[in-house]
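Grab a pencil and work through these exercises with the model open next to you. Each task comes with a solution that goes step by step.

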Amino acid sequence: MSNIRKAFENGKAFIPFITCGDPDLETTAKVVREAVKNGADLIELGIPFSDPTAEGPVIQGANIRALAGGVTTDKVFELVKDLRKDVTIPMVFMTYANVVFSYGAEKFIGTCQKIGIDGLILPDLPFEEKEEFQPICDKYGVDLISLIAPTSEKRISMIAKEAQGFIYLVSSLGVTGTRSEIKTDLESIVKVIRENTDVPCAIGFGISNPEQAAKMAAVSDGAIVGSAIIKILEKYGKESPKYVGEFVKSMKDAIR
């Protein structure tokens, strides 16, 4: 059984997304620990990339700040090693295929296994091209996490059947970012997913407050929040951990 399953064992999962190294790696480590302390069930760590195509302006800004601060993939690996001294909940990387490819897929995924990363989300990797990484992920026991979007339509069942870890259901079209309203008919997508797999499904993109999180968790197995957390980091910088902790607690309480 995938370690990621544990995130969904205590009711609905709350999954915060944090860009590593924004404003610096020391703050990232504190933010992760505060999030865990306040009820996060799984942590999604972003490895900064110069061209994050799936991201809106908020997370793009975080990528730019982290890269300007000298964050590298190796430094992110060191951060995870440190976190794993006391963080026991599942952790996954979200980055881009190019980051893995340029590092060397075998070396990158092998290192993930060594340091305790449970899964990998590559938003720019089409389902049809996942064979480039899937066998290596299988070899090292790292779940390659599938994304399903409102446009996936006839491919939903196909993607769901082969899913690992959890399914990242994209709430709405476009890039990441907070939205005032999510209008997609997510229930019908979740229904198709449930008919094809028992892999848990969490909804992300656009969730920014407890009401939205509760709504999304009601139709799925959990909620993923990124931009709203990055905004806190942008505002408070090194003082962020406490505020992120409070935010995570409010979101987790809302989806319980």
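**Exercise 1. Work out what share of the contacts with a separation of 6 or more comes from residues 24 or more positions apart.**

Step 1: count a contact whenever heavy atoms lie within 4.5 Å. Step 2: keep the contacts with a separation of 6 or more; residues 24 or more positions apart make up 72% of these in the protein.

Before going on, note that this is a predicted model, where local features need pLDDT of at least 70 and side-chain atom pairs count only at pLDDT 80 or more, while totals for chains, interfaces and linings use all residues. Residues are numbered from 1 along each chain as its sequence is written, and side-chain values use heavy atoms, with hydrogens and water left out.

**Exercise 2. Check the radius of gyration against the rule for a compact globule.**

Step 1: take the radius over C-alpha atoms, and the rule as 2.2 Å times the number of residues to the power 0.38. Step 2: for 256 residues the rule gives a value near 18 Å, and the protein has 16 Å, which agrees. Step 3: for the overall dimensions, the C-alpha trace spans about 45 × 40 × 30 Å along its principal axes. Step 4: look at burial, where buried means under 20% relative accessible area, exposed means over 50%, and partly exposed is in between (1.4 Å probe, protein chains only). On that scale, 60% of the 256 residues count as buried.

**Exercise 3. Decide which residues of helix H8 are buried and which are exposed.**

Step 1: get the elements straight; helices (H or I, at least four residues) and strands (E, at least two) are DSSP runs numbered from the N terminus, and the protein has 11 helices and nine strands. Step 2: in H8, the buried residues include Leu186, Ile189, Val190 and Ile193. They cover an arc of only 95° around the axis, which puts them on the same side of H8; the arc is that of the directions from the helix axis to the C-beta atoms. Step 3: recall that an α-helix has 3.6 residues a turn, so residues three or four places apart point the same way. Step 4: flip to the other side of H8, and you find Glu187, Lys191 and Glu195 exposed. Step 5: see what the buried residues of H8 pack against, namely S6, H7, strand S7 (167-170), S8 and H9.

**Exercise 4. Do the same for helix H9 (residues 210-219).**

Step 1: pick out Gln212, Ala213, Met216 and Ala217, which are buried in H9. Their arc around the axis is only 125°, which puts them on the same side of H9. Step 2: on the other side of H9, Glu211, Lys215 and Ala218 are exposed. Step 3: look for the cover over the buried residues of H9, which includes helix H8 (186-196), strand S8 (201-204), strand S9 (222-225) and helix H11 (240-255).

**Exercise 5. Find where Glu153 and Phe205 sit, and say whether each is buried or exposed.**

Step 1: Glu153 is in the loop between strand S6 (147-148) and helix H7 (156-161). Glu153 isn't a glycine, yet has a positive phi of about 35°. With a relative accessible area of 58%, Glu153 is exposed. Step 2: Phe205 is in the loop between S8 and H9. Phe205 isn't a glycine either, and has a positive phi of about 80°. At 6% relative accessibility, Phe205 counts as buried.

**Exercise 6. Locate the loop that holds Pro23 and describe the peptide bond from Asp22 to Pro23.**

Step 1: Pro23 lies between strand S1 (13-19) and helix H1 (25-37). Step 2: the bond from Asp22 to Pro23 is cis, with omega near 0°.
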